[in-house]
Structure formats: structure tokens, C-alpha cells
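Here is a quick walk through a two-chain model, written for someone who would rather look at contacts than read tables of coordinates. Have the structure open as you go.

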Amino acid sequence: MAEAARARPIPTPETQHFWDGTKAGELRLQRCDACDHVYFPPRPFCPSCASRKVSVFPASGKATLYSYVINHRPPAPGFTPPYAIAVVTLEEGPRMMTNIVDCPQTPEALVLDMPLKVTFEKLDDAITLPLFAPAKA
Amino acid sequence: MRRNQVAVVGAAETTKLGVIPDMSQIQLHADAALNAIADAGLKLSDIDGIATAVETPQQIAHYLGITPTWVDGTSVGGCSFMLHVRHAAAAIEAGLCKTVLITHAESGKSMIGKPPRSIPAYSLQGQFEAPFGVYGPPSMFPIPVLRFMKTYGITHEQIASVAVAQREWAAKNPRAMMKDPITVADVLNSRMIAYPFRLLQCCLVTDGGGALILTSADRAKDFPQKPVYILGTGESVETPMVSQMETFDSSRAFKVAGPTAFKEAGIAHKDVDHLMIYDAFAHLPLYGLGDLGFMPYEETGKFIADGNTRPGGKLPLNTNGGGLSYMHSGMYGMYALQESVRQMRGIAPAQVKDAKISVCHGVGGMFAASGTIIFTNEK
């Protein structure tokens with residue numbers, strides 16, 4: 001490899017459905033069949049009631065900006081500073097870390113609670129990352 | 001746990017602090033341990049319990065030549081040593097051992113003999129945080145702070161004042177790394193690291209270590225140093241993923257550990273003479289003041305900006321200069337404990353007059369873990 005690449009996740013049996021989902025253009029969450037709790041990150045049981053009866057479903061992809069930093073230094077391999085590392089609140093409730101794309105990486109453009117929409121960036125044949133962009137009005 | 005049944009009878013840091021390129025990490029452990037053993041007037045063979053983090057207890061026990069009957073390798077980040085104190089106090093009370101040595105050391109700056117810290121790509125952090133450009137604590141630990149500021153109306157200037165107040169304490173401490181006075185403007189004009197935090201709102205990176213020796217309060221009076229009793233303790237963990245905290249408005253681990261310790265100690269906030277809140281970054285004292293119940297979160301920024309935690313203020317906080325100005329080798333909790341012990345012994349460089357109760361609150365990871373120890377010098 002000529003340049004240092006972005007950290008690449010290695011799926012486990014419990015998370016494979018998530019990464020299969022992003023590859024297919026879906027943001028997949030899990031819902032407990034017993035108590036309806038929606039959760040992330042993936043695991044084959046409900047972290048609220050411990051039921052093993054859980055279902056995978058595609059999320060709406062709608063989110064709002066919960067908080068972020070704009071990282072200047074040191075930059076992670078594969079990133080050009082300054083870049084925002086964000087945590088978003090999904091419409092279904094769970095939060096996840098991501099990057100905000102199609103948006104200046106500035107405090108003025110990145111406003112807490114702004115509406116966002118998921119978008120997908122292919123890293124390689126196995127991994128596609130879920131990123132978020134400002135939602136069109 | 002019962003109050004005041006166990007005491008700190010030995011406490012010391014490494015002979016040198018700061019940049020120590022001529023010593024490996026394990027030797028820093030040994031240097032701190034030997035200093036603490038000398039401080040307590042003990043021999044290595046008197047130690048029958050050992051606790052440490054990152055390095056394993058077997059590594060340290062072998063290196064020092066100790067044969068323990070009680071071992072604790074709890075390693076939950078920078079507050080591990082608060083948890084060790086809590087566990088050691090319980091073990092001594094239960095009769096599992098008599099004299100416990102707790103060591104920390106890290107070659108955080110020089111990286112001599114220090115295993116690399118890495119996040120496995122198959123871990124949940126590796127899958128769901130690392131791909132988004134987190135790279136070391138400065139890119140992760142401040143992620144919650146913009147939400148905290150919005151929720152409670154905290155200003156950039158107020159958070160900058162944390163660094164200013166602590167620099168004032170550091171100026172009184174000959175062993176502090178950074179002693180030159182700074183202003184809020186200096187903080188807000190320093191180099192951007194990870195917005196909203198700038199260089200002077202991030203902890204130092206240094207080499208060093210520290211060690212503590214604990215024994216039962218009954219034996220403590222026979223030791224050369226003034227005993228410092230364990231009045232209350234608490235601990236908890238939340239999540240290794242900052243993105244998965246229940247809320248960014250507070251720390252669940254802080255809210256369990258702190259109040260548990262206060263309840264065990266049977267004290268009110270007005271009883272606290274001296275306070276340490278692990279300050280890897282400048283927002284942590286605000287979370288700590290709120291989560292430990294000193295005041296509503298909305299008031300934490302103004303409280304510090306108004307000078308209440310600086311020298312002469314009504315709640316002396318981080319009196320060694322803290323991780324921002326004193327030293328921070330990577331796991332700062334041990335240095336916070338050392339300062340609480342110095343204050344309770346009455347020998348701190350910036351001594352708080354007549355201090356009788358010290359609260360020492362630690363964080364591990366990025367709000368991943370927490371431990372709180374409340375000390376007193378009155379039995």
C-alpha cells in the first residue's frame with residue numbers, strides 16, 4: 001500500500017449482518033422481540049432484558065448530530081485534518097460514531113441537533129462504512 | 001466497607017518525573033515501589049499483597065522479589081489505582097493480606113520498555129469507532145463536551161479557566177512540569193488539537209510513576225508517617241466506547257462511583273476540604289463536580305471561572321496542578337492519589353491549611369471507568 005489506510009474493521013459472527021447491510025445499502029439495527037428495545041452495537045441478545053429472541057431490521061437512516069470533535073492532530077491514518085468525528089442519534093434511538101460528509105468540517109457548519117441522512121462509503125469488497133450527510137430540506 | 005479500618009502508610013512517586021529516557025517502564029515501577037517502601041519504613045519481604053495495572057502483578061512481583069498472598073491486576077485505565085485501593089482495603093479487612101503495595105508507572109513520553117496500546121480491529125471499538133478517525137485520547141475524550149456545553153450553557157471561556165486555575169496550583173509545586181502563569185486568552189489561542197479543545201486543555205505526556213502502601217488502621221500508628229485513613233470508596237464501569245455512553249450530559253460511571261464513596265464515608269459535600277478530579281482534559285472537573293453532586297451541572301463552569309477552585313478558593317481542586325500542568329504519564333490516577341495523601345499528611349507543596357477530608361476521583365478510558373477514594377487524617 002502506498003499510503004496508510006483508514007482503520008479497517010474485522011467483522012465477527014455477531015456483527016456480520018451489520019456489515020452485510022452496509023454493503024447492501026442498509027443500516028441494520030436490532031430490535032428485541034420480547035421488549036421492543038432497539039440497540040447498537042450488534043449482539044445476539046437484548047442488552048435491556050437479556051432475551052435471545054431478537055430481529056435485524058433496516059433503520060430509516062435518519063439521524064441528528066449529537067456531538068463531535070474536529071480533529072486537527074494527530075490525524076488518524078487515511079484522514080486529512082481537520083476532520084470531524086461525530087456521534088449521531090439515530091431516529092430509532094441508538095447512537096453511533098461516524099463522519100459527517102458533504103459538509104464543511106467547521107463549527108459553523110456542524111450544528112448540534114442538525115438533521116442528517118445516512119450515506120455509504122465503500123472501503124473495499126468486504127467493508128462499506130456508514131457515514132452521514134446533512135439531510136436535504 | 002467500614003470506615004477508617006485501613007490506612008495508607010507509604011506513598012511516593014518516582015525519584016524523577018517528566019522526561020526519564022534512562023529508565024524502562026518496569027524500572028519506573030520499581031523506583032516508585034522502593035521509594036514507597038522506604039517511606040513506610042518497610043522491607044520488601046513485608047509486602048504480602050500487590051496490585052498494578054497495564055504491567056501485570058506477576059511481572060512486578062517477580063521484578064521486586066515479592067511473594068504475595070493477594071493479587072489484583074484490575075486494569076481499567078487511569079483510575080485503576082483507585083480501584084486497587086478499594087479492593088486492597090477490602091482484602092486487608094477480610095484478612096487476605098496485611099500489607100499491600102500498589103504500583104503505577106508509565107514511560108508515556110520516552111516510550112522505553114512500554115508495550116504499544118492498540119485497538120484490535122475485531123473489537124467493537126475497532127469495528128464501530130476506529131474506522132471514523134479516532135486516534136488517541138485527544139480525538140476521543142472531548143467528543144461529549146460540545147453536547148455538555150449546549151445542555152448546560154457552559155462557555156469555552158469557562159472550560160479554559162480550568163487550565164488557568166490549575167496552572168496557579170502548579171506554580172506552587174516544584175515538581176510540576178508547567179509552572180508559567182497562563183490566561184484564558186492564552187488557552188483559547190493555543191494550538192488547536194481537537195475542536196473545541198486546544199493544547200492547554202489537554203493533559204501533558206510525561207514519564208513517571210507512583211506507589212502506595214496500605215495496611216490495617218490498627219497497625220498504621222506504628223509506622224513513621226502520619227497515617228491517612230480510607231474513609232469511603234466507590235467504583236464502576238460504563239463502556240469502552242465513548243460513542244455508547246448513555247448520555248454526554250454526565251458520566252454514569254462517575255455517578256455510581258462518587259456517590260457510593262460519599263455514602264460509605266458518611267460525609268456531606270460541605271465536609272470536603274480538598275478535591276482531586278482526574279483531569280485528562282479540561283472538561284473532566286466540570287463533569288466531576290456535577291456527577292459527584294457538588295453542584296448542579298449548570299453552575300460548574302461559572303464556579304471554576306469565578307476562582308472557587310484556585311489557590312485561596314473555597315474548594316481547592318487539583319492542587320498539584322493536575323494532569324494539565326503537573327504530569328500525566330498516561331494513567332494519572334496514581335498522581336491524584338499521591339496528592340491527596342500529601343494533603344492529608346500536611347506536606348503538600350501547596351498545602352491546604354487544616355485539610356481533614358480529601359476526595360480523590362478518577363476516570364479510566366474515555367469515561368469508561370471510574371473510582372473514588374475519600375481520605376481522612378482523623379480516625
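## Helices, domains and the chain contact

Start in chain B, where the axes of helix α7 (residues 156–170) and helix α12 (residues 297–305) come within 8 Å and cross at roughly 45°. Because of that angle, α7(B) is oblique to α12(B). The crossing of α7(B) past α12(B) is left-handed. Keep in mind that this is a predicted model.

Who does the touching? On the α7(B) side you'll find B:Glu157, B:Gln158, B:Ile159, B:Ser161, B:Val162 and B:Ala165, and they meet B:Gly301, B:Lys302, B:Ile304 and B:Ala305 of α12(B). Sorted by class, the residues of this helix contact come out as 5 nonpolar, 3 polar and 2 charged.

Now zoom out to the whole of chain B. Its domain assignment gives domain 1 as 6–115 + 207–229 and domain 2 as 135–203 + 232–376. Taken over C-alpha atoms, the centres of domain 1 and domain 2 of chain B are 23 Å apart. Where they touch, 30 residues of domain 1 of chain B are in contact with 33 residues of domain 2 of chain B.

Which elements supply the domain 1 side of that contact in chain B? At least two residues each come from β1 (6–13), α3 (80–94), β4 (99–107), β7 (207–216) and β8 (228–237) of chain B. The top contributor is α3(B), with 7 residues.

Next, the contact between the chains. Chain A puts in 32 residues and chain B puts in 28 residues. On the chain A side, β4 (62–71), β5 (83–90) and β6 (95–98) of chain A each supply at least two residues. The largest share of that side, 6 residues, comes from β4(A).

β4(A) also pairs across the chains: 2 bridges join it to strand β5 (residues 192–195) of chain B, and the two strands run antiparallel. If you want a spot to click on, take A:Ile70, whose bridge partner in β5(B) is B:Tyr195.

Here are the class counts for the three contacts, side by side.

| Contact residues | Nonpolar | Polar | Charged |
|---|---|---|---|
| α7(B) with α12(B) | 5 residues | 3 residues | 2 residues |
| Domain 1 side of chain B, touching domain 2 of chain B | 15 residues | 10 residues | 5 residues |
| Chain A side, touching chain B | 21 residues | 7 residues | 4 residues |

Definitions and conventions
Residues numbered from 1 in each chain as written. Chains lettered and ligands numbered in written order. Predicted model: local features only at pLDDT ≥ 70, side-chain atom pairs only at ≥ 80, totals over all residues. Contact = placed C-beta atoms within 7 Å. Helix = DSSP H or I, 4+ residues; strand = E, 2+ residues; numbered from the N terminus. Nonpolar A, V, L, I, M, F, W, Y, C, P; charged D, E, K, R; others polar. Pairing = 2+ DSSP bridges. Axes fitted to C-alpha atoms, helices over the stretch in contact; angles between N-to-C directions. Parallel < 35°, antiparallel > 145°, perpendicular 65-115°, else oblique. Left-handed = near helix turned anticlockwise from the far one by under 90°. Domains from an automatic or database assignment.
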